[in-house]
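Q: Got a minute to walk through this model with me? Let's go residue by residue where we can.

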Amino acid sequence: MKRKDITNVGLLSALTIGISAMIALSTPITAYASESDDDSGSSESKSSHESSSKSESHEKATSSAQKAADSAKSSVSKSDSGSSSDSSSSSSSESGSESSSESKEETKEESASASEAAKEAADTIVKGDADAGIDAADPSDSNGKAKSAIENLVEKVKDVASDSTDEKGKEKKSAISNYQDASENITKSKESLVDAEKEYDQAQTAYEHVEEEAKDAAEDAKALKDTVNLMKSETESASRKVESLVESIQSAGSNQDAEQAYQDLKDLVEETGKDLVSKKEIYDNLVKQYEAALQNLKEAQSALEEAEDHFEAKAKEASGYAQAAQKEVTEARTKVQNLADALDAVTDQLADESAAKSLSDKMKAEKARDEWTNSWNDKTKNIYDLSRATMRSVVENYYLPKVLNIDVVAGSCAFESLKGADGQEYNYTWVTYKYIDENGDEQDGKKYFNYDSLTRLSTYNEKLNLNHSQPGIVVFEKSELEIMANQKVLDYYYDGKQSLSDKDKGRGQKYKDGKFDVFRYVDEDGNLQLVIRDELEHSTDGNKVVTDADGNFVSINGYALTEVVQNKNSLFHDGDCLIVASDFNIDKYTSKASNTAVYKEVIQALINRKGSETVTAVVERSMGLNKYVADNASDDDTAQLITKYVQYKEATDKAKEAAENAQDQVDKLNDAINDVVSKSMISRRSMKAAEVLGIQDIADYLGLTVSDEDKAAMNDLTVAGLIDKLNEMKREAEETKETAEQKLTSLQKQFEDAEQDLADVLRRFEDNGSSKGSDRGSSKGSSRRSSGSGSAALNGDAQSITAWQAGDGTAAGTVSENVTGGDVIIIENERFATAASVEDALGDQEYSNIEDAASPTAATFEDGIADETVPAPTNLWWMFVVAAFGAAGERMWRAHCAKKNRK
């Protein structure tokens with residue numbers, strides 16, 4: 001029902017005054033109807049339940065980090081994982097407790113902690129393991145270089161297991177102590193995370209209060225605006241009516257018309273004054289509500305800032321402890337790694353001694369007749385087999401691990417030698433082996449080698465100049481391509497046989513004639529192709545072979561040809577080889593001063609082809625073999641020692657693995673806590689007000705008409721900016737209220753002036769004799785009533801309101817006399833007109849009925865609300881608010897419903 005439907009202004013004013021009296025009790029306007037709502041009995045419990053659910057359902061900030069702390073602690077040291085960690089977990093959030101139990105469940109099947117594994121490795125090395133048949137490490141096990149390596153291993157064990165002090169008296173913690181301190185720091189970090197979660201919960205609660213109070217303050221600001229706009233609208237409407245009534249008085253056609261217009265003017269001004277007083281009461285109460293909500297909002301914002309500051313502090317505290325743990329774990333990991341490296345150094349040194357002993361068994365330097373010569377221990381008549389055995393020993397024990405830097409698995413080498421197509425140049429020995437790659441994985445490997453006599457003078461010499469007193473041999477690697485070329489010759493001449501028939505006495509000559517020369521080219525598909533010289537000289541199938549002026553082959557069918565050189569790494573070609581001989585003989589056969597046939601025919605040619613630095617590299621590499629043998633020669637039973645010290649490797653590997661895992665888990669803990677710290681530094685105190693209010697557009701929400709630019713700026717406001725905007729709205733509302741009050745004063749002045757107008761009109765009618773039938777006494781009485789009207793009359797009404805508010809009952813009679821002549825009821829010590837009184841006051845005026853007038857249907861009520869549907873009010877008080885204040889009343893009812901739902 002719109003306000004214009006109420007024709008009895010006196011009744012409306014009386015009801016408004018009654019509402020004003022109720023409002024003056026300082027009860028929030030949205031609370032009046034709550035006790036009579038149908039669901040009032042369950043509203044409190046419902047609000048409590050919803051609040052609790054909202055608080056419990058928000059995201060846990062530290063659950064992942066707490067779980068990471070449990071995992072990190074378990075990986076570092078399990079011995080105390082059931083004490084402080086558990087106590088902190090008991091005081092943690094539900095999420096933290098769950099993460100702790102999950103972590104324990106996950107780690108049941110894990111290997112030993114880093115601390116336990118480090119202690120086990122240390123004890124195994126320095127104490128041994130009688131049950132496993134492992135003896136303790138002892139530097140006296142070796143008299144060679146391995147002795148110092150074992151001594152270093154024992155020192156590294158101390159770094160892992162025993163605290164000590166350096167020469168300056170500074171404490172040196174062991175790895176085990178590092179792990180213990182790391183575990184304690186992780187416990188403290190977990191406790192800080194638990195405290196951080198509590199602070200996060202406080203911040204969440206404070207933020208929810210910020211949301212609620214921001215909405216309340218905004219709703220109150222809107223209600224202020226609507227109330228003063230209604231005051232302004234009503235005074236402006238009254239002003240227009242006053243002008244009309246004054247004109248009616250002045251232009252009245254009879255004294256009765258003038259008096260009636262005057263009476264209407266008096267009633268209008270009085271009712272407008274009463275209505276304005278009642279709305280000012282509503283306004284004043286809304287101001288109190290607004291200021292209270294604003295204060296609550298500021299307090300909630302302050303609580304949010306305080307909780308977030310505490311959350312950030314606790315998160316950073318947890319990070320500090322986690323970083324300290326990370327430092328301790330890193331130091332411990334280094335000490336464990338040093339222990340493992342020291343053990344590897346021992347086994348490597350023992351392996352070198354074993355290899356050197358193997359080599360020295362094959363080759364031994366002796367001084368005789370002022371000249372160094374090589375004396376082979378195994379002086380058999382089969383010179384070739386002896387040289388081949390020497391080559392194999394050098395390849396396995398020195399060339400692969402020291403020259404090619406391949407981490408060969410001990411004992412994995414297997415050799416097989418094959419005679420080539422020509423019985424000499426194409427010969428090779430292949431070795432298969434296992435090695436450890438850069439990732440620590442075991443792989444299969446294969447290489448090809450060959451050898452020459454140091455005194456060999458040409459690229460083809462069947463006898464190789466080998467004899468029982470030869471000065472040495474030359475060992476070099478062959479490529480896969482050379483092996484393929486050998487197979488090409490065999491396939492072409494001998495149907496794939498692995499050697500030529502001894503009856504073929506001409507194979508040496510064929511080699512010298514180049515019949516075994518093989519060339520390579522890459523075809524259009526990128527595939528490698530081999531072709532033998534005979535195929536080029538007697539080309540068929542239309543192949544186009546091109547030669548240069550000297551008859552050298554250049555290309556076939558446009559593809560460039562390159563010769564595959566056999567024994568390419570020997571002294572006769574590139575010099576990428578190793579001379580196995582005494583230092584004396586290496587120098588003798590490679591230096592110009594000795595002027596040997598080897599130097600003049602082989603070394604000089606190498607220098608001319610590749611440069612003198614190539615020869616220097618060969619000499620240094622070759623003498624390195626002799627130094628290796630001399631430095632590592634030992635009379636110890638190195639094979640037995642290797643077996644002993646390899647037994648420690650399992651324990652050190654476990655310690656390394658556990659150290660790596662602890663490092664990984666503590667690193668993950670730091671990453672998880674860094675996420676918490678990052679979250680703690682994203683403050684909700686600076687969130688956009690629109691997000692806090694849960695709306696899209698602030699201007700629309702507040703009912704403000706602004707430009708698009710100002711609308712965008714308002715949507716960027718923070719809560720602090722929103723407060724400023726709401727205060728601006730309050731100031732504007734105050735100005736509008738004052739304007740309405742000034743307008744009322746003006747109306748009262750117009751009413752006072754109208755008394756003289758009435759007197760003038762009545763005098764005119766009396767003078768003109770045109771007031772026949774008029775009740776002059778009535779006119780005088782009207783004048784007498786008027787003399788007490790105006791501001792004085794309004795002030796009297798205000799006094800009546802004040803008396804009613806005071807509860808002394810004096811105003812009840814005044815109000816009831818104005819309305820119906822008496823009937824009122826008491827509602828909690830307040831007076832209010834009964835429905836019967838309202839109907840009596842309305843009399844025979846046109847209306848449907850007071851219930852229809854005060855209680856619009858749900859459809860009618862919902863039609864006026866664009867954004868949401870709310871139920872129509874069912875109690876009398878809210879019926880009247882909606883009926884009396886129109887759109888403003890509807891917003892009050894909607895705000896009441898929204899606040900009730902939020903609670």
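**Core, salt bridges and loops**

A: Sure. This is a predicted model. Start with Ile186: setting aside neighbours within four places in sequence, Ile186 is in contact with Ala69, Ala72, Lys73, Val76, Ala325, Val666 and Leu669.

Q: Which other core has 50 residues, and who is in it?
A: A core lying apart from the one with Ile186 has 50 residues. Among them are Tyr207, Val210, Ala307 and Trp893.

Q: Back to the largest nonpolar core. Which residues touch the most other members?
A: Val76, Leu153, Tyr179, Ile186, Tyr645, Leu669 and Ile673 do, in a core of 54 residues.

Q: Which helices each supply at least two residues of this core?
A: Helix 3 (63–76), helix 6 (114–127), helix 7 (146–161) and helix 8 (175–250) are on the list. So are helix 9 (255–362), helix 17 (638–646) and helix 18 (649–680).

Q: And where does the largest share come from?
A: Helix 9, with 13 residues.

Q: Switching to charges. How many salt bridges does the structure hold?
A: It holds 39 salt bridges.

Q: What does Lys314 pair with?
A: Lys314 forms a salt bridge with Asp195, and the closest N and O atoms are 3.6 Å apart. This pair links distant parts of the chain. Lys314 sits in helix 9 and Asp195 in helix 8, 119 residues apart.

Q: Is Lys314 buried or exposed?
A: In between. Lys314 is partly exposed, at 25% relative accessible area. Asp195 also counts as partly exposed, at 28%.

Q: What about Lys725, what is its salt-bridge partner?
A: Glu728, with the closest N and O atoms 3.5 Å apart. Both residues lie in helix 22 (residues 719–768). They are three residues apart, about one turn of the helix.

Q: Is Lys725 buried or exposed?
A: Lys725 counts as buried because its relative accessibility is 18%, and the cut-off for buried is under 20%. Glu728 is partly exposed, at 29%.

Q: Which residue does Asp753 bridge to?
A: Lys749, with the closest N and O atoms 2.9 Å apart. Asp753 and Lys749 are four residues apart in helix 22, so about one helical turn separates them.

Q: And how accessible are Asp753 and Lys749?
A: Asp753 is partly exposed, at 37% relative accessibility. Lys749 is partly exposed too, at 44%.

Q: Which residues are linked in a network of salt bridges?
A: Lys515, Asp517, Arg533 and Glu537 are.

Q: Loops next. Where does Ala410 lie?
A: In the loop between helix 10 (383–403) and strand 5 (414–418).

Q: Buried or exposed, that Ala410?
A: Ala410 is exposed, with a relative accessible area of 77%. The cut-off for exposed is over 50%.

Q: How far is Ala410 from Asn397?
A: They are 9.4 Å apart in space, C-alpha to C-alpha. In sequence, 13 residues separate Ala410 and Asn397.

Q: Last one. Where is Leu717?
A: Leu717 lies in the loop between helix 21 (708–715) and helix 22.

Q: What is Leu717 in contact with, leaving aside neighbours within four places in sequence?
A: Met687, Lys688, Ala689, Leu722 and Lys725. That Lys725 is the residue bridged to Glu728.

Q: And how far apart are Leu717 and Ile698?
A: In sequence, 19 residues; in space, 9.0 Å from C-alpha to C-alpha.

Methods. Residues are numbered from 1 along each chain as its sequence is written. This is a predicted model: local features need pLDDT of at least 70, side-chain atom pairs count only at pLDDT 80 or more; totals for chains, interfaces and linings use all residues. Side-chain values use heavy atoms; hydrogens and water are left out. A nonpolar core is a set of buried Ala, Val, Leu, Ile, Met, Phe, Trp, Tyr and Cys residues joined through side-chain atoms within 4.5 Å. Buried means under 20% relative accessible area, exposed over 50%, partly exposed in between (1.4 Å probe, protein chains only). Contact means heavy atoms within 4.5 Å. A salt bridge is a side-chain nitrogen of Lys or Arg within 4 Å of a carboxyl oxygen of Asp or Glu.
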